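These are my notebook entries, written while going through the model one element at a time. I kept to what I could look up directly.

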Amino acid sequence: METWFTLWKTSIHAWLSAALMPVLIVTLGAVVWRWSLRVLAARGADENSFWKKLLEAIALPGYLVIGATAIKVGFEMAAPGSIPQKWLVGSNLLVIFALVLLLGEALFTLAIDFYLRQRHATEVPSIFQQLSKVSVYGLFALSFLSTTLKVDITPLLTTSAVVTMVVGFALQDVLGNLFSGISVHISPPFRIGDWIKVGDFFGRVVESNWRATTLRSADRDTFILPNNDIAKKDIVNMSQRPGFLYNDFSIGLSYEASPDQVRRSLLGACGQVREICRSPAPRVYMEGFQDFSITYRIRYWFKDGHSPLAVRDQLTSRIWYRLKRDGITIPFPIREVNIHPEKDQKAEMIDRRLALLSEVDFLRELERPHRVFLATRLKEYWYEAGETIVQKGSTGTDFFLIDRGRVSVFLDDEAASPVAELASGQFFGEMSLLTGEPRTATVRAEAETLLVVLSQEVMSTLLREKPDLANLLSSVLADRNAKNRAAQDRPPAAEADRPARSGGGVDDEQASSLLLDRIRRFFRLS
Ligand code: CMP
């Protein structure tokens, strides 16, 4: 009994206290650490707050200090002589090592995150942070070895040339990355957070350290590029203006379309993408003549924060619709074999359009020759959901029939609710066509929409052939005007000086007949 107790006292007790104490203290440390993080989060501390960084930096050394002290206390609680001397010395060294690390990390965070970043707004690249830490800790370790432990460090410093060569060869890549990293950071071509293109990789720089630079792509893929590779490749930094980034989009288009026409179409498509900045404005460059197409490059800017992929996706889509509407083709090196005679295709198209015209209320009554006349002169335009078809205040005289899809009509802000929603078989654009005034509303496609467009010239021929149409159009116009006035809650007096447009201040019938007069004069109808 005596022997067992002595053994417990001298050995097991020592080891248990040496092992259990750290576990207890480390658990306690973890609880305190998590609690501090929660307190910081509750106080609104963000990722870059100094206190958060400090807490993160000292967490590991803190655990080490606590653990090492616990072991040391455990050893000292044991009966004298039960723990070998070298373990006691080891535990002392561990405590010193942990304390130095704790102090070092706290000082580094103070210098880098508080003094340089917060006070002087200077960002220290992580490669330099790591290098300075390694050098300071290395120097400290060497001086500790030589002065306190009286270890002769001369052989360490003067390793033989052969060893240096072998190590040099073995670490060729590592050292290459290190030195490339240093050169990249001395004159940095990018900052953390910038969007860059390196070879085939495009992404936001999330980290750059002594070995590699990490990019996160728009669809959240992570690329880790060794500094050696980065130093050899061309880097394109897309974040030249703070808060904005640009992108290029190249497209080969038909020789048939003039550069001026292409520029208008491509810039028009950019204008349909809300995320693309108006200033700096998008630009179109002609890049060269290829075998079967002319290459154009669009440079567009958008706010950092929008996904480059999403903006590009929208732009590509808008370009497709716009080019289709403008009759500009994207040629491919393929041979087209037309099996159907062109005549059949045309007849088929006219039949389809005739069917459409018979769906539209106010055209249904037209005699067949008039409908055929219209069918041969229509233009068809496709719009994507979200595209603006007509902008309030712009000039234009096209008249639109909705073949397929849906549109909304907005009097002021597109964010507000629409004054009307129009669908297949309905029409819009009659106001500017009939009065010659700017567009009264903005019309936006709500789904993929096919519009059939009648030019002013065609409409004027049609109205001359069929003057009754003017009655119908003017009464629709007067109705819509009345509805708009009610929606905007405008006093009728404001419209009184524009009787021709709205018939303001008079009843709907009178407004309609005033409009009719004006339309008759405008189109020189008898
Ligand atoms: P216009 O002014 O040429 O261009 C915008 C078009 O929106 C307008 O012609 C009308 O066709 C249409 N519009 C305006 N107000 C209304 C409304 N209240 N209901 C339906 N369509 C409207």
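**Entry 1: strand 12 and its partners**

I began with Ser-408 and found that its bridge partner in strand 13 is Glu-421. I keep in mind throughout that this is a predicted model. Strand 13 covers residues 420-423, and I noted four bridges joining it to strand 12, with the two running antiparallel. I then looked at strand 15, residues 442-445, which is likewise joined to strand 12 by four bridges in an antiparallel arrangement. Here Ser-408 stands opposite Arg-444, so I have a bridge partner for Ser-408 in strand 13 and a residue facing it in strand 15. Is strand 12 enclosed or open to the outside? I found that four of the five residues in 406-410 are buried, under the 20% limit on relative accessible area, so I recorded strand 12 as largely enclosed by the rest of the structure.

**Entry 2: the sheet of strands 6, 8 and 7**

Next I traced an open sheet of three strands, which come in the order 6-8-7 with antiparallel pairing. Its edges are strand 6 (244-253) and strand 7 (283-289), each of which pairs on one side only. From one strand to the next I noted an average twist of 25 degrees. How many bridges join strand 7 to strand 8? I noted six, between strands that run antiparallel, strand 8 being residues 294-303, and in that strand Ile-298 is the bridge partner of Val-284.

I then asked what packs on this sheet. Helix 9, residues 259-271, lies across strand 6, strand 7 and strand 8, and runs at about 135 degrees to strand 7. Helix 10 also packs on the sheet, where it touches strand 6 and strand 8, and its direction makes about 35 degrees with that of strand 6.

**Entry 3: Arg-325**

I stayed with helix 10, residues 308-326, because I wanted to see the surroundings of Arg-325, which is found in it. Is Arg-325 buried or exposed? Its relative accessibility is 8%, so I entered it as buried. Leaving aside residues up to four places away in sequence, I listed its contacts as Gln-272, Tyr-381, Trp-382, Tyr-383 and Glu-387.

**Entry 4: cysteines**

I looked up two cysteines and their burial: Cys-270 is buried at a relative accessible area of 0%, and Cys-277 also counts as buried, at 9% relative accessibility. A disulfide would need a pair of cysteine sulfur atoms within 2.5 Å, and by this rule I recorded a count of zero disulfides.

**Entry 5: helix 12 against helix 14**

Last I turned to helix 12 (residues 368-377) and helix 14 (residues 456-465), whose axes come within 11 Å and cross at roughly 175 degrees. Angles over 145 degrees count as roughly antiparallel, and I therefore described helix 12 and helix 14 in that way. On the side of helix 12 the contact is made by His-370, Phe-373, Leu-374 and Arg-377, and on the side of helix 14 by Val-458, Thr-461, Leu-462 and Glu-465. Sorting the residues of this contact, I got four nonpolar, two polar and two charged.

I also checked Val-372, which lies in helix 12 and counts as partly exposed at 28% relative accessibility. Between Val-372 and Leu-357 I noted a separation of 15 residues in sequence and of 9.5 Å in space, C-alpha to C-alpha.

How values were computed
Residues are numbered from 1 along each chain as its sequence is written. This is a predicted model: local features need pLDDT of at least 70, side-chain atom pairs count only at pLDDT 80 or more; totals for chains, interfaces and linings use all residues. Side-chain values use heavy atoms; hydrogens and water are left out. Buried means under 20% relative accessible area, exposed over 50%, partly exposed in between (1.4 Å probe, protein chains only). Contact means heavy atoms within 4.5 Å. Axes are lines fitted to C-alpha atoms, for helices over the stretch in contact, and angles run from 0 to 180 degrees between N-to-C directions. Angles under 35 degrees count as roughly parallel, over 145 as roughly antiparallel, 65 to 115 as roughly perpendicular and the rest as oblique. Ala, Val, Leu, Ile, Met, Phe, Trp, Tyr, Cys and Pro count as nonpolar, Asp, Glu, Lys and Arg as charged, and the others, Gly among them, as polar. Two strands pair if DSSP finds at least two bridges between them.
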